[in-house]
Amino acid sequence: MATKTIDLVARLFCQATKKTVDKSTGKNLKYAGTLQDIPKVSLKPDIGCFVQFSGDYSGLVIMNFSGAAAMELYRSYMLTMGMPEDDLASDYTSVEVVDTIGEMTNQIMGRALRMVESNYELTSFMGQPKAIALNSAIVLTPESDYQANRRIAFSLETHRFYMELSLERTEFIPMK
């Protein structure tokens, strides 16, 4: 059975997430070897971040973090950048934490889109990721025809977070 395009893209997004988080936090991010096929993508508490991309292929990425996972990423990221521990935010709902999650998602997506372009010679551009603190889940339903959805689980030391990917119906067929 041929591998679906969304699964190929999801694997590259996993690799991009790992490389970006490892480098920016000094930690060893792990991701599940299994992609989950899900019926729809949604923002989930405590922090969700979403970004659409379009071009030669189009889709939507959502990153979902528990408050504890967001704090772990934020603290590791800021300490790696040289921020004194006393200056760090103490609550996941603080603007600094939410903004850091948005910035990390921006870096992950930039790397992921470059990896797809390098592997498949297809270009896509993204908007600015939007990160928000949430009390309840929000389902995003783009007007585009995104028919395939995947969830990927990541773990950083003691906490897990998730990427949800929705992609338009498309198949990459190598011609070489």
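**Figure 1. Arg150 and Asp7, two buried residues joined by a salt bridge.** In this predicted model, Arg150 is buried, and Asp7 is buried as well. Their side chains meet in a salt bridge, with a distance of 2.6 Å from N to O. The pair links distant parts of the chain, for Arg150 belongs to strand E9 whereas Asp7 belongs to helix H1, and 143 residues separate them. The relative accessibility of Arg150 is 7%, and because buried means under 20%, Arg150 counts as buried. Seven salt bridges are found in the structure, and the pair of Arg150 and Asp7 is shown here with its N to O distance of 2.6 Å.

**Figure 2. Asp37 and Arg150, and the network that also takes in Asp7.** The side chain of Asp37 also meets that of Arg150 in a salt bridge, in this case with 3.1 Å from N to O. Asp37 lies in strand E2 (residues 36–37) and Arg150 in strand E9, so this salt bridge ties together parts that are 113 residues apart in sequence. Asp37 is exposed, with a relative accessible area of 58%, whereas Arg150, at 7%, counts as buried. Taken together, Asp7, Asp37 and Arg150 are linked in a network of salt bridges.

**Figure 3. Glu164 and Lys44, a salt bridge between a strand and a loop.** Glu164 forms a salt bridge with Lys44, and the closest N and O atoms of the two are 2.7 Å apart. This pair, too, links distant parts of the chain: Glu164 is in strand E10, Lys44 is in the loop between E3 and E4, and the two positions lie 120 residues apart. Which of the terms buried, exposed and partly exposed applies to Glu164? Glu164 counts as buried, because its relative accessibility is 1%. Lys44, by contrast, has a relative accessible area of 26% and is therefore partly exposed.

**Figure 4. The cis peptide bond from Pro45 to Asp46.** The peptide bond that runs from Pro45 to Asp46 is cis, and its omega is near 15°. Asp46 lies in the loop between strand E3 (42–43) and E4. As a background to this view, most peptide bonds are trans.

**Figure 5. Phe13 and Phe53, a tilted aromatic pair.** The count of aromatic pairs in the structure comes to five. One of them is formed by Phe13 and Phe53, whose ring centres are 5.9 Å apart and whose planes stand at 50° to each other, an arrangement described as tilted. Phe13 lies in helix H1 (residues 5–25) and Phe53 in strand E4 (residues 47–55), so the pair ties together parts that are 40 residues apart in sequence. Phe13 and Phe53 are both buried.

**Figure 6. Phe65 and Phe161, a stacked aromatic pair.** The rings of Phe65 and Phe161 are stacked, with 4.9 Å from centre to centre and 25° between the planes. Since Phe65 lies in strand E5 (residues 59–65) and Phe161 in strand E10 (residues 159–168), the pair ties together parts that are 96 residues apart in sequence. Phe65 is buried, with a relative accessible area of 3%, and Phe161 is buried too, with a value of 1%. In a wider view, Tyr31, Phe65, Phe154 and Phe161 form one aromatic cluster.

**Figure 7. Helix H3 and Glu121, the residue that follows the helix.** Helix H3 (residues 95–120) has 26 residues and reaches 37 Å from its first C-alpha to its last, which is close to the 38 Å expected at 1.5 Å a residue. Just after H3 comes Glu121, with a positive phi of about 60°. Glu121 is not a glycine, and its place is in the loop between H3 and strand E6 (124–126). Most residues other than glycine have a negative phi. The relative accessibility of Glu121 is 57%, and so Glu121 counts as exposed.

**Figure 8. Glu157, a residue with a positive phi between two strands.** Where along the chain is Glu157 found? Its place is in the loop between strand E9 (146–156) and E10. Although Glu157 is not a glycine, its phi is positive, at about 55°. Glu157 is exposed, and its relative accessible area is 57%.

Note on methods
Residues are numbered from 1 along each chain as its sequence is written. This is a predicted model: local features need pLDDT of at least 70, side-chain atom pairs count only at pLDDT 80 or more; totals for chains, interfaces and linings use all residues. Side-chain values use heavy atoms; hydrogens and water are left out. Helices (H or I, at least four residues) and strands (E, at least two) are DSSP runs, numbered from the N terminus. The expected span of a helix is 1.5 Å times one less than its number of residues. Rings of Phe, Tyr and Trp (its six-membered ring) pair if their centres lie within 6.5 Å; planes under 30 degrees apart count as stacked, over 60 as edge-to-face and the rest as tilted. Buried means under 20% relative accessible area, exposed over 50%, partly exposed in between (1.4 Å probe, protein chains only). A salt bridge is a side-chain nitrogen of Lys or Arg within 4 Å of a carboxyl oxygen of Asp or Glu.
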